[in-house]
Amino acid sequence: MRIDVLTLFPQMFEAPFSFGIFKRAINHKLVSINLHNIRDYTHDKHHTVDDYPYGGGPGMVLKPKPIFEAVESIKSDICAKEEVTALPIILLTPQGRLFSQQIAQELAKYSHLILICGHYEGVDERVREHLVTDEISIGDYVLTGGELPAMVVIDAVVRLLPGVLGSETSPLDDSHVNGLLEYPQYTRPAVYRGWSVPEALLSGNHAQIAKWRREQTILRTLKRRPELLDKTNLCQEERQLVERLTSSPNRSQLSLDKESIE
Ligand code: SAH
């Protein structure tokens, strides 16, 4: 996958992608991340990327011209090298569709992505109207720029690309992949400060372990994010488990206090 990012601060991306899984993915050419400074696409002496908002008000707005020219230049570079059928051009904005594991899975299917990071008050509306094909928000809060949101999106997408996570980490059981939260994880020692690892995990019996994990997944989702269960396909036995747990007098087991969470 090739990801092109338009930003005023390319240096911000250096650290997150220089370590661990990401570094390996880049070294193994599973992904390439090209950073473009929007300022490089200006033509005036001062390299002006922003201007005052029409109508007045505080803050500055990113001008459309450098962003259009940067995207057009990236697109022609990509198209000169290979045939591309779909090329999402994504604006990071708190007004976009809310990012999720499902959207990460959807984006991971493309061979190219272009991400545009806004700054200050945001970008000229004509970028949204006539250039971008998608708008993504990472949550209902406002950040100073689109760089951290772009890194969040890139991280979530890249770890889904084939070969990026080694066999030591499987994305299949992760929280939100199948609409549920992951079961609790433990490592050695089997007893730490008197707290034991659940018996089922020490049994070595794969069927028993799988059953325990599935039950914990359901129980945990029910406790923390019950609304997720409504959208998930559970087998009859699992539905019965949910019904049993939600029926009084078992309801009290579902409280989120520390004693009863595990
Ligand atoms: N005035 C704008 C917010 C601008 S914040 C508004 O009210 O909608 C400046 C930039 O930060 C945005 O252009 C966007 O690129 C980025 N940004 C801020 N919060 C974000 C979020 N929750 N998700 C994605 N991008 C965000």
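## Starting point

Helices (H or I, at least four residues) and strands (E, at least two) are DSSP runs, numbered from the N terminus. With that naming in hand, Tyr120 can be placed in the loop between E6 and helix H4, the latter covering 125-130. One thing to keep in mind throughout is that this is a predicted model.

## Strand E6 and its partners

Let's start with E6, which spans residues 112-117 and is mostly covered, with six of its six residues buried. Look along the strand and you'll find His112, Ile114 and Ile116 pointing one way, while Leu113, Leu115 and Cys117 point the other way. Residues on both of these sides are buried.

E6 has strand partners to go with that cover. E1, made of residues 2-7, pairs with E6 in the parallel sense over five bridges. If you want a spot to zoom in on, try Val5, whose bridge partner in E6 is Leu115. E6 also runs parallel to E5 (residues 89-98), and four bridges join those two strands. Here Leu92 is a handy marker, as its bridge partner in E6 is Cys117.

## Strand E7, on E5 as well

E5 has another pairing to look at: E5 and E7 pair in the parallel sense, over five bridges. Ile90 has Asp134 as its bridge partner in E7, and Leu98 stands opposite Ser137 in E7.

E7 is covered on both faces. Asp134 and Ile136 sit on one side, Glu135 and Ser137 on the other, and all of them are buried. Asp134 and Glu135 are worth a click, then: both are buried here, and both belong to the residues that count as charged.

## Around the ligand

Now for the ligand, which is surrounded by 20 residues. The closest are Leu92, Gln95, Gly118, Glu121 and Tyr141. Sorted by class, the shell has nine nonpolar, 10 polar and one charged residues. E5 and E7 (134-137) each supply at least two residues of that shell, and E5 gives the most, with four residues.

Leu92 turns up again in the polar contacts: a polar backbone atom of Leu92 is 2.6 Å from an oxygen atom of the ligand. Gly139 has a backbone N or O atom lying 3.0 Å from a ligand nitrogen atom. Gly146 has a backbone N or O atom too, 3.5 Å from an oxygen atom of the ligand. As for cover, the ligand taken alone exposes 560 Å², and the protein buries 86% of that.

## The nonpolar core

In soluble globular proteins, nonpolar side chains tend to be buried together. In this model, the largest nonpolar core has 29 residues. Which residues have the most contacts inside it? They are Ile3, Leu107, Ile154 and Val158.

Several elements feed this core. E1, E5 and E6 each supply at least two residues, and so do the helices H1 (20-27), H3 (101-107) and H5 (147-158). H5 provides the largest share, seven residues.

## A buried threonine in H7

Thr221 lies in helix H7, which runs over residues 206-224. Is Thr221 buried or exposed? With a relative accessible area of 0%, Thr221 is buried; the cut-off for that label is under 20%. The side chain of Thr221 also reaches the backbone nitrogen of Leu181, at 3.0 Å.

## Backbone oddities

A few loop residues deserve a second look. Arg188 and Pro189 are joined by a cis peptide bond, with omega about 5°. Pro189 is found in the loop between H5 and E8, a strand at 191-192.

Two residues other than glycine have positive phi values. Tyr120, back in the loop between E6 and H4, has phi near 55°. Tyr120 counts as partly exposed because its relative accessible area is 39%, which falls between the limits of 20% and 50%. Arg193 has a positive phi of about 50° and is placed in the loop between E8 and strand E9 (195-196). Its relative accessibility is 65%, so Arg193 counts as exposed, given that the label applies over 50%.

How values were computed: Residues are numbered from 1 along each chain as its sequence is written. This is a predicted model: local features need pLDDT of at least 70, side-chain atom pairs count only at pLDDT 80 or more; totals for chains, interfaces and linings use all residues. Side-chain values use heavy atoms; hydrogens and water are left out. Buried means under 20% relative accessible area, exposed over 50%, partly exposed in between (1.4 Å probe, protein chains only). Two strands pair if DSSP finds at least two bridges between them. A residue is near a molecule or strand if one of its heavy atoms lies within 4 Å of it. A polar contact is a pair of N or O atoms within 3.5 Å; within protein, one must be able to donate a hydrogen and the other to accept it, and residues adjacent in sequence count only if both atoms are side-chain atoms. Accessible areas come from the Shrake-Rupley method with a 1.4 Å probe; for residues, only the protein chains shown count as cover. A nonpolar core is a set of buried Ala, Val, Leu, Ile, Met, Phe, Trp, Tyr and Cys residues joined through side-chain atoms within 4.5 Å.
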